[in-house]
Amino acid sequence: MEEDLSFQKRLIGRLRHDWTLLLLAALIALLAVVEGANALAAIGLWIIFGTAILARPPLTVDAPGSVKTHATPEDGASMVSALAAGFAALDAPVLVIGSDASIVIQNAAAEKAFGSFPVGAHLSSKLRSPGILDMVNETIATRRPNQIEHAERLPSERVYIARIAPVGAASDGASDALFVLSFRDISELRLIDRMRSDFVANASHELRTPLASLRGFIETIQGPARADPKAQERFLGIMLDQATRMSRLVDDLLSLSRLELKSHIAPDQLVDIVPLLGHVRDSLMPLAQEVGVDIKLHLPAGKAEVLGDRDELVQVFENLVENACKYGQDGKVVDVSVTNGPGAPVEVTISDRGPGIDAEHVPRLTERFYRVSVADSRSKKGTGLGLAIVKHILTRHRARLIVKSEVGKGTDFTVRF
């Protein structure tokens with residue numbers, strides 16, 4: 001009877017251990033699916049673990065009063081190795097820790113994100129966040145899953161959802177319990193949320209000013225200036241400028257929306273840049289003459305073809321040359337150069353000899369509504385969206401915009417295809 005009870009206890013222990021491994025394998029498969037891995041590959045991981053468990057030799061009774069298993073200390077090391085191999089397939093940082101918060105397994109993504117943890121080292125040796133450490137301690141004590149939002153400032157700003165959960169149904173106080181600590185990167189989502197809120201705030205501000213002007217002038221014309229034709233004529237001219245400004249702003253916003261919808265579709269038509277730049281110069285000649293700027297083209301004798309959308313490329317170079325004429329008019333000359341050669345990318349550089357741009361502003365020039373000088377931009381009828389449109393078009397064309405500027409000497413905008 002005692003032998004039967006001992007065997008039953010061992011059998012129950014074996015079943016609990018097997019179910020723990022199966023649950024851990026299922027968790028690996030679920031993480032793989034969440035992180036975008038192939039669903040069949042994730043299910044395959046779970047099947048591999050299950051097959052390994054079912055193929056293990058059964059409990060045997062060698063003699064009355066003795067119950068043995070074929071498990072050895074090496075089996076535990078093999079299990080850890082198998083789990084490590086499974087987590088290595090994930091591109092999300094994952095740590096497996098013991099009930100004393102020591103590191104048991106670390107995958108490559110975790111090592112890349114947080115640095116290398118020596119096996120057996122305490123979690124706090126690398127992760128110093130009080131929030132994460134408190135969460136881990138609470139889960140170890142209560143055996144209940146938990147999660148928090150965690151931000152890393154160095155070496156780059158990243159935001160994670162850190163989640164910890166116990167593996168299996170280990171009893172309270174078990175010294176061999178394992179816990180999976182995973183990190184889901186939500187940095188891009190937070191950046192998009194911040195950009196969306198900034199965009200709404202900026203767009204509202206840009207529209208509020210001309211709308212307030214229009215409302216004020218309309219009330220003035222209806223009231224004190226009702227019988228003053230000269231004042232009405234002057235006010236109507238200002239109202240037309242404000243309405244035109246709102247129209248330009250709405251047109252640019254619609255252009256951005258259209259570009260974002262097809263940003264993933266690369267154009268496949270060959271466009272010769274040489275005649276295109278000639279067309280751009282001809283269309284901007286009236287503006288150049290008005291501000292006293294001479295647009296000079298430096299073009300190769302042959303063709304300079306790129307894959308692109310002609311209308312969108314015209315919009316890019318009209319925007320860049322127009323900006324050079326408006327903001328670099330003190331230099332009196334805008335140079336447009338094309339360079340290409342065998343095996344070399346086509347590059348178009350628009351150079352002005354104006355006041356230049358401080359280095360602190362250069363990285364943010366393509367942000368929506370960002371202006372080096374708000375007053376200067378509005379006086380030149382800018383919407384603050386031109387370079388954002390340029391950036392989106394060039395992203396669709398798989399091209400780069402390179403900005404080099406020196407205060408007092410001018411600015412170069414280079415488009416490299």
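Select helix H6 (residues 187–222) together with helix H7 (residues 229–261): their axes come within 9 Å and cross at roughly 160°. Axes here are lines fitted to C-alpha atoms, for helices over the stretch in contact, and angles run from 0 to 180 degrees between N-to-C directions. H6 and H7 are therefore roughly antiparallel to each other (angles over 145 degrees count as roughly antiparallel, under 35 as roughly parallel, 65 to 115 as roughly perpendicular and the rest as oblique). Helices (H or I, at least four residues) and strands (E, at least two) are DSSP runs, numbered from the N terminus.

The model is predicted: local features need pLDDT of at least 70, side-chain atom pairs count only at pLDDT 80 or more, and totals for chains, interfaces and linings use all residues. Residues are numbered from 1 along each chain as its sequence is written, and side-chain values use heavy atoms, with hydrogens and water left out.

Staying with this pair, display the side chains in contact (heavy atoms within 4.5 Å). On H6 they include Phe 199, Leu 207, Pro 210, Leu 214 and Phe 217, and on H7 they include Phe 235, Met 239, Arg 245 and Leu 249. The residues of this contact divide into 15 nonpolar, 5 polar and 2 charged (Ala, Val, Leu, Ile, Met, Phe, Trp, Tyr, Cys and Pro count as nonpolar, Asp, Glu, Lys and Arg as charged, and the others, Gly among them, as polar).

Next, keep H7 and add helix H11 (residues 386–396), which packs against H7 at an angle of about 15°, with the axes 10 Å apart. H7 and H11 are therefore roughly parallel to each other. Asp 252, Ser 255, Leu 256, Leu 259 and Glu 260 of H7 meet Ala 388, Ile 389, His 392 and Ile 393 of H11. This contact comprises 5 nonpolar, 2 polar and 2 charged residues.

Now turn to the open sheet of 5 strands, ordered E4-E3-E7-E6-E5 with antiparallel pairing (two strands pair if DSSP finds at least two bridges between them). Strand E4 (103–106) and strand E5 (146–152) stand at the edges with a single partner strand each, so one side of each lacks a neighbour in the sheet. Neighbouring strands are turned by 20° against each other on average, direction ignored.

At the E4 edge, select strand E3 (residues 94–98), joined to E4 by 3 bridges; Val 96 stands opposite Ile 105 in E4.

Finally, add helix H5 (residues 130–142), which lies across E3, E5, strand E6 (158–166) and strand E7 (178–185) and runs at about 160° to E5. H6 also packs on the sheet, touching E5, E6 and E7, and its direction makes about 135° with that of E6.
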